[in-house]
Amino acid sequence: MSDLGHSARETRTFIRRFLAIARRNVDHEAVAENVYENGGLSGRYLIMTGISAAIAILGLMLSSPAVVIGAMLMSPMMGPIVALGFSLALLDFSEMNRALRALALGFGLALIVAVVLTLLSPLKEPTAEILARTRPNFFDLLIAVFSGIAGAYAVIKQRGETIIGVAIATALMPPVATVGFGLGTGDMGIAGGAFFLFMTNLVAIALAATLTAGFYGFRPRLMERPVKWRGLAVVLVFAVLAAPLALSLRAIGLESRATAETRLAVDAIFAGSESRITLLEVRSQSGEVTVSALISTRALVADAERQLQQRLTAALHVPVAANLDQIVVADPQAASRAVQASPVSAPDPVAALRGRLIDAIPFATDAIMLNTEGSQAVVLLRPEAGLNLQSAYALETALTQRFEGLSVLVTPPVQLFDTVDLGDPQARARAVWALSRWRATPAIRMCRPEQPPEPETPPAEGEAAPARLDSGETFVAELAAAGVSTTTDGAPTCQRGDINTARLSLLN
């Protein structure tokens with residue numbers, strides 16, 4: 001015990017000497033006065049906050065990183081956050097209240113400016129710069145922690161130039177502007193995600209500043225308040241500030257686990273098929289995980305989606321909604337490489353949307369076109385894409401689900417297409433889709449079409465029985481509804497064994 005006690009004393013002596021050296025020449029009163037002077041509410045603070053918010057929201061809507069960086073440099077919010085951290089270390093509740101009031105009013109002013117400019121702007125499509133600030137992750141937390149340490153160190157050591165780099169690293173104003181964009185467009189997902197990012201930065205910087213100030217000897221005056229209240233006050237303040245961060249980090253951790261488990265599950269489900277995950281999106285909300293995946297494979301797996309959902313539910317122990325689309329390709333690895341090599345989005349919102357659409361299509365195309373409003377897209381696939389009609393149809397379905405509010409029309413190359421199983425609603429739907437995309441006028445002959453069975457419930461007395469169309473008439477009606485004209489002139493003849501089948505040829 002004596003040796004252990006001696007070692008402990010030596011360790012404490014070393015730590016005290018190290019802290020004494022680190023705290024040498026630190027004027028605690030002057031530093032605290034400087035921090036509080038820059039952390040309160042003033043006319044300059046409000047003016048710079050409003051201008052910074054205006055520049056930030058315009059840069060985000062234009063997807064201009066240079067403009068967004070300019071807003072970061074102008075934002076004065078680092079001052080109140082560092083002041084909040086020092087007030088926690090010193091347990092100076094009057095300055096803590098002053099810093100929180102400055103943060104609240106600055107946040108409110110920036111939010112109002114961002115919402116108003118969003119409502120006035122015709123640009124309502126979220127750009128890549130906006131989407132990048134809607135999902136805080138663990139690396140955002142680490143950046144904020146180290147930035148808070150750097151900011152507090154710069155203030156203590158009077159290194160003002162360091163604050164510029166800290167302002168760029170933490171990016172406090174763009175998340176606030178993104179919240180305003182989400183509120184202005186009615187997208188609560190964007191607003192909530194950006195608010196979590198702002199709270200992540202705020203809490204992490206304040207906590208890091210508190211710890212750094214404590215390391216350099218900033219302590220409350222012991223006689224101001226009873227000792228027992230000091231610890232309780234710190235715990236309560238940190239608990240209030242960290243609550244949103246804890247919720248965000250829980251969702252982030254669950255998404256990370258879900259992403260890893262999805263990759264393992266896909267490898268197991270598609271074993272031997274030389275398959276690759278072309279697109280993967282994982283979301284966690286209210287304890288439920290939603291997984292959307294697009295798989296490029298040489299061979300389809302019939303119940304892959306059900307298997308994926310079962311595996312993820314068993315691995316994560318939370319409700320899982322899995323959406324898995326499969327596309328048959330000659331070279332799955334080429335599809336993945338095509339995604340990585342896709343060009344980046346352009347500053348214009350419609351061009352930015354087109355860039356995101358290009359990123360999502362890892363196959364050879366002749367053209368990807370959007371209308372001026374960005375509400376409809378036309379994708380012309382090339383023969384080298386290697387997609388059959390079923391795969392091209394699945395691609396359009398996946399893109400429509402991925403890009404909410406965007407009508408995506410995928411046009412496959414014209415290919416051999418001469419029979420349709422009239423008894424298969426999915427086969428009819430793919431045929432109608434392909435013929436409408438090709439703008440074809442097919443010559444069709446119905447081969448022994450079947451009529452649906454009599455309804456189990458007869459019509460009520462006085463009501464006429466609805467017309468019962470056979471499967472061939474139903475197919476023609478579906479084509480007409482899609483704008484496809486048909487003819488019987490030049491239609492191919494039925495062959496032996498054709499039952500409930502349509503024979504067709506393309507006239508143009």
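A residue counts as buried here when its relative accessible area is under 20%. Keep that cut-off in mind while we walk through this predicted model. Take Trp433 as a starting point: its relative accessibility is 5%, so Trp433 counts as buried.

Trp433 belongs to helix H17, which covers residues 425–438. This helix has 14 residues, and from its first C-alpha to its last it reaches 20 Å, close to the 20 Å expected at 1.5 Å a residue. Trp433 has company on the inside, too: the buried residues of H17 also include Ala427, Arg428, Ala431 and Val432, and further along Ala434, Leu435 and Trp438. What sits over them? The cover includes two helices, H16 (389–402) and H18 (471–481), along with the strands E6 (407–411), E7 (419–421), E8 (442–447) and E9 (501–506).

Now have a look at the two ends of H17. At the N-terminal end, Asp424 acts as a cap, with a side-chain oxygen 3.1 Å from the backbone nitrogen of Gln426. At the other end, H17 is followed by Arg439, and the phi of Arg439 is positive, near 55°.

Three of the covering strands are worth a visit of their own. They form an open sheet with the order E7-E9-E8 and antiparallel pairing. E7 and E8 are the edge strands, each pairing on one side only. On average, and with direction ignored, neighbouring strands of this sheet are turned by 25° against each other. If you'd like to trace one of the pairings, E7 and E9 are joined over three bridges in the antiparallel sense, and Thr419 has Arg503 in E9 as its bridge partner. H17 packs on this sheet and touches E7, E8 and E9, its direction making about 145° with that of E7. Helix H18 also lies across E7, E8 and E9, and runs at about 160° to E8.

Next comes H16, another of the helices that cover H17. Its end C-alpha atoms are 20 Å apart, which agrees with the 20 Å that its 14 residues should span at 1.5 Å a residue. The buried residues of H16 are Leu389, Ser391, Ala392, Ala394, Leu395, Glu396, Ala398 and Leu399.

That leaves the aromatic rings. A pair of aromatic rings is described by the distance of the centres and the angle of the planes. The structure holds three such pairs. In one of them, Phe107 and Phe198 have ring centres 5.1 Å apart and planes at 35°, so the pair is tilted. This pair links distant parts of the chain, with Phe107 in helix H6 (residues 93–120) and Phe198 in helix H11 (residues 188–215), 91 residues apart. Are these two rings buried or exposed? Phe107 counts as buried because its relative accessibility is 16%, and Phe198 is buried with a relative accessible area of 3%.

Another pair brings us back to where we began. The ring centres of Tyr393 and Trp433 are 5.3 Å apart and their planes stand at 70°, so this pair is edge-to-face. Here too, distant parts of the chain are linked: Tyr393 lies in helix H16 and Trp433 in helix H17, 40 residues apart. Whereas Trp433 is buried, Tyr393 is partly exposed, with a relative accessible area of 30%. Finally, ring pairs also link Phe107, Phe195 and Phe198 into a cluster.

Conventions
Residues numbered from 1 in each chain as written. Predicted model: local features only at pLDDT ≥ 70, side-chain atom pairs only at ≥ 80, totals over all residues. Heavy atoms only, no water. Helix = DSSP H or I, 4+ residues; strand = E, 2+ residues; numbered from the N terminus. Expected span 1.5 Å × (residues − 1). Buried < 20%, exposed > 50% of the residue type's maximum accessible area, 1.4 Å probe, protein only. Contact = heavy atoms within 4.5 Å. Polar contact = N/O pair within 3.5 Å; in protein donor to acceptor, adjacent residues only side chain to side chain. Pairing = 2+ DSSP bridges. Axes fitted to C-alpha atoms, helices over the stretch in contact; angles between N-to-C directions. Phe/Tyr/Trp six-rings, centres within 6.5 Å; stacked < 30°, edge-to-face > 60°.
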